[in-house]
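Reader: Show me the model, please. I want to go through the ligand contacts and check each term against its cut-off.

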Amino acid sequence: MTASEPITYDTSRVTLVDHPLVQHKLTLMRDKATGTKQFRELVRELAIFEGYEATRDLPLEDAPVETPICATVGKRLAGRRLAVLPILRAGLGMVEGLLELVPDARVGHIGMYRDEVTHKPHEYYCKVPRDISERICLVVDPMLATGGSATAAIEYLREQGVRDLRLLVLVAAPQGIACVLDADPDVHIYTCAIDERLNDAAYIVPGLGDAGDRIFGTL
Ligand code: PRP
Ligand code: URA
C-alpha cells in the first residue's frame, strides 16, 4: 500500500462512541495544557462511556423482585462474566471506570511496550484469570496507533481460548483499526475518535501525545 492509498476496513466492526460529553472530554484530554490529575480523571470517565456501549448486548434473565409497592419481575445480568484486560501501562487508567460499571469483573494484565525505534510491541508480563476462556473480555488501552500492541494482546488471549473479545480504545488511527481487524476476524473495536494518521514516530495525529506518560506523569 502506498502512503496516499486510503485505509479501508469493515466499519460494521467499529463502534464510534461520539456522545457530546465524550467529544467534550476528549478535547480536554487532547489539550497539552491538561495536567496529570485531570487527564487521569478524563481517562476514567471516558472508559465508563465506552464500557456502557461495549456492554449493551450483555444477556439478561428475569429476576423476581419485591418493591415497597408490589411483586414484579425485573432483569439481571445472566451467565456470561466479564474480564477487563488493560494493556500496560496506559490501559491501567481505564480499569477503574470499567470496574465502576461491572464491579464483579476480573482483571488480567497484559504487559506490552512499544519499541521506540521499531515501534514493534514487546511482551514483558501477562497474568490473566484462570477461567479467561469463559469470560467476555474487554481489552483496554487508550491508544490504538499502528495496532501492533493490541494485535499482539488479542493474539495472546485467543491462544488462551478467549472467544468473546472487545477492544476499547479512546483514540484510534485508521492504520491501527485496519491492522487489528485484519489480524482477528471476530474482534469488535470501540473508540471515542478516529484520528487522521500516524506521524513518522508512529504517534497518532492529532492524537493526545503519549497516554501512559500523561496518565502517570512521567513526561
Ligand atoms: C502505547 C499505548 C499502546 C501502544 C499503541 O503504549 O498505550 O499500548 O503504545 O501503539 P501501537 O498501536 O503502535 O502498538 P507504550 O508502548 O508507549 O507503553 P506505555 O503504556 O507504558 O506508555
Ligand atoms: N502511544 C501513545 O501513547 N500515543 C500515540 O499517539 C501512539 C502510541
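Reader: What makes the pair between Ala211 and ligand 2 a polar contact?
Author: In this predicted model, a polar backbone atom of Ala211 is 2.8 Å from an oxygen atom of ligand 2. A polar contact is a pair of N or O atoms within 3.5 Å, so the Ala211 pair counts. Ile204 also qualifies: a backbone N or O atom lies 2.8 Å from an oxygen atom of the ligand. For Gly209, the partner of the backbone N or O atom is a nitrogen atom of ligand 2, at 2.8 Å.

Reader: How much of ligand 2 does the protein cover?
Author: The protein covers 89% of the 240 Å² of accessible area that ligand 2 has on its own. That area comes from the Shrake-Rupley method with a 1.4 Å probe.

Reader: Why is Tyr203 listed around ligand 2?
Author: Listing requires a heavy atom within 4 Å of the molecule. Tyr203 is among the residues that surround ligand 2, as are Arg114, Met143 and Asp210.

Reader: What makes the shell's split six nonpolar, one polar and two charged?
Author: Ala, Met, Tyr and Ile count as nonpolar, Asp and Arg as charged, and Gly as polar. The shell includes Ala145, Ala202, Ile204 and Gly209, and the division is six nonpolar, one polar and two charged.

Reader: What conventions apply?
Author: Residues are numbered from 1 along each chain as its sequence is written, with chains lettered from A and ligands numbered from 1 in written order. Local features need pLDDT of at least 70, side-chain atom pairs count only at pLDDT 80 or more, totals for chains, interfaces and linings use all residues, and side-chain values use heavy atoms, without hydrogens or water.

Definitions and conventions
Polar contact = N/O pair within 3.5 Å; in protein donor to acceptor, adjacent residues only side chain to side chain.
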